[in-house]
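I opened the notebook to look up two topics, the ligand site and the salt bridges. The entries follow in the order in which I worked.

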Amino acid sequence: MEMIDVLAICGSVREGSLNRALLHAAQDLADDPFRVEVWDDHSLIPRVDGTRGRPFPEAVGALRDRVSVADVLLLVTPEFNRSIPGVLKDIVDWLAILAPPRPLAGKPVMLMSASPNRFGGVFAQLHLADALRRVGAEVLTDFDVAVGFAHRHIDDGGILVGEEPRRDIAQLWRRVLPLVGEGKRAVPA
Ligand code: FNR
């Protein structure tokens, strides 16, 4: 089967982030044909200021191009006040601007989240899915991987060791495969 190119973005820039640990576990647990590349240039992305369209700031243009060619976008988000952090909202808003190549139009997107509280960031996923669907993304998963009490599942080295979340992630890759595998891939508009 042809390789499935997944671009993964974490919504946290915090050192010791629970969500970055989750993202790396998702990367490690992705078997063939998935190939997960982590995008980590948050510091290069300016705030969205309402100046829409081209020319995009260089790093924004590069990110838009990279997302456009990815088969799947994986967003791993913290929850801040029952929504997503500003850093991730800026990224989504830059990607959502309706100028060619329209990176989110028809784009299959997977969502995951981690939080120290019991709900694991489901409210953030709800907001994120809503914003993504508004601009025509195809949200494949929500709430499938929302790791509650995440600090108990992640060791001091930032490794997700919890058996249950690891099993949920592996299951999610298996569930997504037929949705994005050969012949079923969404074609961006
Ligand atoms: C939080 N946190 C939080 N957690 C949650 O489950 N629901 C929430 O509404 C909030 N709200 C919130 C607001 C603000 C301003 C902060 C700083 C934090 C806790 C949050 O989930 C926790 O700090 C995570 O560890 C953040 O994710 P990373 O950075 O560890 O990936």
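Entry 1, residue classes. Before sorting the shell I fixed the classes: Ala, Val, Leu, Ile, Met, Phe, Trp, Tyr, Cys and Pro count as nonpolar, Asp, Glu, Lys and Arg as charged, and the others, Gly among them, as polar. I also noted that the model is predicted. With these classes, the shell around the ligand comes out as 4 nonpolar, 6 polar and 3 charged residues.

Entry 2, ligand surroundings. I asked which residues are closest to the ligand. There are 13 residues around the ligand, and S12, R14, S17, E79 and S115 are the closest.

Entry 3, polar atoms at the ligand. I went through the N and O atoms facing the ligand. For E79, an N or O atom of the side chain is 2.7 Å from a nitrogen atom of the ligand. For L18, I found a backbone N or O atom 2.8 Å from a ligand oxygen atom. For R82, a polar backbone atom is 2.8 Å from an oxygen atom of the ligand. I then looked up the ligand's area: taken alone the ligand exposes 620 Å², and the protein buries 70% of that.

Entry 4, salt bridges. I searched the whole structure and got 8 salt bridges. I noted a network of them that links D5, R35, E37 and R66.

Entry 5, E37 and its partners. I took E37 with R35 to begin with; their side chains form a salt bridge with N to O at 3.6 Å. E37 also forms a salt bridge with R66, where the closest N and O atoms are 3.2 Å apart. I asked what the pair of R66 and E37 ties together. R66 is in helix 2 (residues 58-69) and E37 is in strand 2 (residues 34-39), so this pair joins parts that are 29 residues apart in sequence.

Entry 6, accessibility in the network. I asked whether R66 is buried or exposed. R66 has a relative accessibility of 17% and counts as buried, because the cut-off for buried is under 20%. E37 is partly exposed at 34%, and R35 is partly exposed at 38%.

Entry 7, a pair within a helix. I looked up D93 and K89, which form a salt bridge with the closest N and O atoms 3.0 Å apart. Both are in helix 3 (residues 86-96), and they are 4 residues apart, so about one helical turn separates them. D93 is partly exposed, with a relative accessible area of 25%. K89 counts as partly exposed at 36%.

Terms used
Residues are numbered from 1 along each chain as its sequence is written. This is a predicted model: local features need pLDDT of at least 70, side-chain atom pairs count only at pLDDT 80 or more; totals for chains, interfaces and linings use all residues. Side-chain values use heavy atoms; hydrogens and water are left out. A residue is near a molecule or strand if one of its heavy atoms lies within 4 Å of it. A polar contact is a pair of N or O atoms within 3.5 Å; within protein, one must be able to donate a hydrogen and the other to accept it, and residues adjacent in sequence count only if both atoms are side-chain atoms. Accessible areas come from the Shrake-Rupley method with a 1.4 Å probe; for residues, only the protein chains shown count as cover. Buried means under 20% relative accessible area, exposed over 50%, partly exposed in between (1.4 Å probe, protein chains only). Helices (H or I, at least four residues) and strands (E, at least two) are DSSP runs, numbered from the N terminus.
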